[in-house]
Amino acid sequence: THGLPIEQVLAKQGVKRKEMDLVEYLKLCREYALSQVDKQREDFKRLGVSGDWENPYVTLTPDYEAAQIRVFGEMANKGYIYRGAKPVYWSWSSESALAEAEIEYHDLVSTSLYYANKVKDGKGVLDTDTYIVVWTTTPFTITASRGLTVGADIDYVLVQPAGEDRKFVVAAELLASLSEKFGWGDVQVLATYRGQELNYIVTEHPWDTAVDELVILGDHVTTDSVTGIVHTAPGFGEDDY
């Protein structure tokens, strides 16, 4: 009897939430919710369902809300309540958080992309003329990228292709296939590192100069990731967060 579905029904009926008093709007929501309770009660009776029909379980009643607050207070007193941060689904049009069950995905075809982040602070491991090569199937998330993730136990190589002033970092196992794809001819391997040695190196976002991206470790990174390095965009889901 609470929630976004009721607001959506009222919107379809022509109710304009932003053009009316909040108390009046909440009253309309309550009236609609209770009308649905009445309909459900009659349907259940017709189906032969038994129940305490004069005292239904309704989450908007003051006694239920008071019980919720009491339980919340007990949890707070026991130290179970804390303030943190996590990504949530958000509807810009409804100005409301959404439950995962309310999310519907559409098929999207996007072009995969190779790109590279320039090293800003190599922590004594990499020089600033080095670029860490990334591959992604979701280029639209790069704007929100805040880190590059490597596998702690994966071997990475620092290479310099012939004719290039820049140096690049890729997974050692994938160097041959990447050299062919990028047209790198004579590739000189300058050093080899374990992923954990690259941890906390600072790189520059590809175009947002105000954003630094840390190299971090992740168990989900494999050498199936084409370069062995994936970008991390916490605003696009709980896994990245």
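## Pocket, cores and strands at a glance

The largest pocket here comes out at a volume of about 1,000 Å³. Bear in mind that this is a predicted model. Besides the pocket, there's a largest nonpolar core of 31 residues, plus a second, separate core of 8 residues. Here's the rundown, topic by topic.

**The pocket**

- In total, 28 residues line the largest pocket, and Ala233, Phe236, Gly237, Glu238 and Asp240 are the ones nearest its centre.
- Which elements give two or more residues to that lining? They are β4, β10 (212-217) and β11.
- Of the elements, β11 gives the most to the lining, with 3 residues.

**The main core**

- Inside the 31-residue core, the residues with the most contacts are Leu126, Ile132, Tyr156, Val169, Leu198 and Ile229.
- A run of strands feeds this core with two or more residues each: β3 (113-121), β4 (130-136), β5 (147-150), β6 (155-161), β7 (167-171), β8 (187-194) and β11 (229-232). Helix α4 (175-182) does so too.
- Ile132 is a handy residue to click on: beyond its neighbours within four places in sequence, it is in contact with Tyr115, Ala116, Asn117, Val119, Leu126, Leu148, Val169, Thr203, Val215 and Ile229.
- Val169 turns up again as the bridge partner of Ile132 in β7.

**β7 and its two partners**

- Is β7 mostly covered or mostly open? It's mostly covered, with 5 of its 5 residues buried.
- β7 pairs with β4 in the parallel sense, over 3 bridges.
- β7 also pairs with β6, this time antiparallel and over 4 bridges. There, Tyr156 has Ala171 of β7 as its bridge partner.
- The β6 and β7 hairpin has 5 residues between its strands, and in it Gly163 takes a positive phi near 85°.

**β10 and its two partners**

- β5 and β10 run parallel to each other, paired over 4 bridges. In this pairing Thr149 stands opposite Ile216 of β10.
- β9 and β10 go antiparallel, joined by 3 bridges, and Thr203 has Glu213 in β10 as its bridge partner.
- Remember that β10 is also among the elements giving two or more residues to the lining of the largest pocket.

**The helices**

- How does the length of α2 check out against 1.5 Å a residue? Its 25 residues (22-46) should span 36 Å, and since the end C-alpha atoms are 37 Å apart, the two agree.
- Tyr25, Cys29, Ala33, Val37 and Arg41 are the buried residues of α2, and they pack against α1 (4-12).
- Three of those names come back in the second core of 8 residues, which includes Leu10, Tyr25, Cys29 and Ala33.
- Helix α3 (62-77) passes the same kind of check: at 1.5 Å a residue its 16 residues should span 22 Å, and its end C-alpha atoms are 22 Å apart.
- After α3 comes Gly79, with a positive phi near 80°.
- Tyr64 sits in helix α3. At 25% relative accessibility it counts as partly exposed, because the buried class stops under 20%.
- Leaving out residues up to four places away in sequence, Tyr64 touches Tyr57, Val58 and Thr59.

**Loop residues to look at**

- Lys123 isn't a glycine, yet it has a positive phi of about 55°. You'll find Lys123 in the loop between β3 and β4.
- Is Lys123 buried or partly exposed? Its relative accessibility is 47%, so it counts as partly exposed.
- Tyr200 is another non-glycine with a positive phi, about 70°, and it's in the loop between β8 and β9 (202-204).
- Thr223 belongs to the loop between β10 and β11. Between Thr223 and Gly151 there are 8.7 Å in space, C-alpha to C-alpha, while in sequence they are 72 residues apart.
- Beyond its neighbours within four places in sequence, Thr223 is in contact with Ile154, Ala171, Glu173 and Leu174. Ala171 is also the bridge partner of Tyr156 in β7.

Definitions and conventions
Residues numbered from 1 in each chain as written. Predicted model: local features only at pLDDT ≥ 70, side-chain atom pairs only at ≥ 80, totals over all residues. Heavy atoms only, no water. Core = buried A, V, L, I, M, F, W, Y, C linked by side-chain atoms within 4.5 Å. Buried < 20%, exposed > 50% of the residue type's maximum accessible area, 1.4 Å probe, protein only. Contact = heavy atoms within 4.5 Å. Pairing = 2+ DSSP bridges. Expected span 1.5 Å × (residues − 1). 1 Å grid on protein atoms, 1.4 Å probe; cavity = no way out; pocket = protein on both sides within 12 Å on 5 of 7 lines; lining within 4 Å. Points joined across faces, edges and corners; volume = space filled by probe spheres on them.
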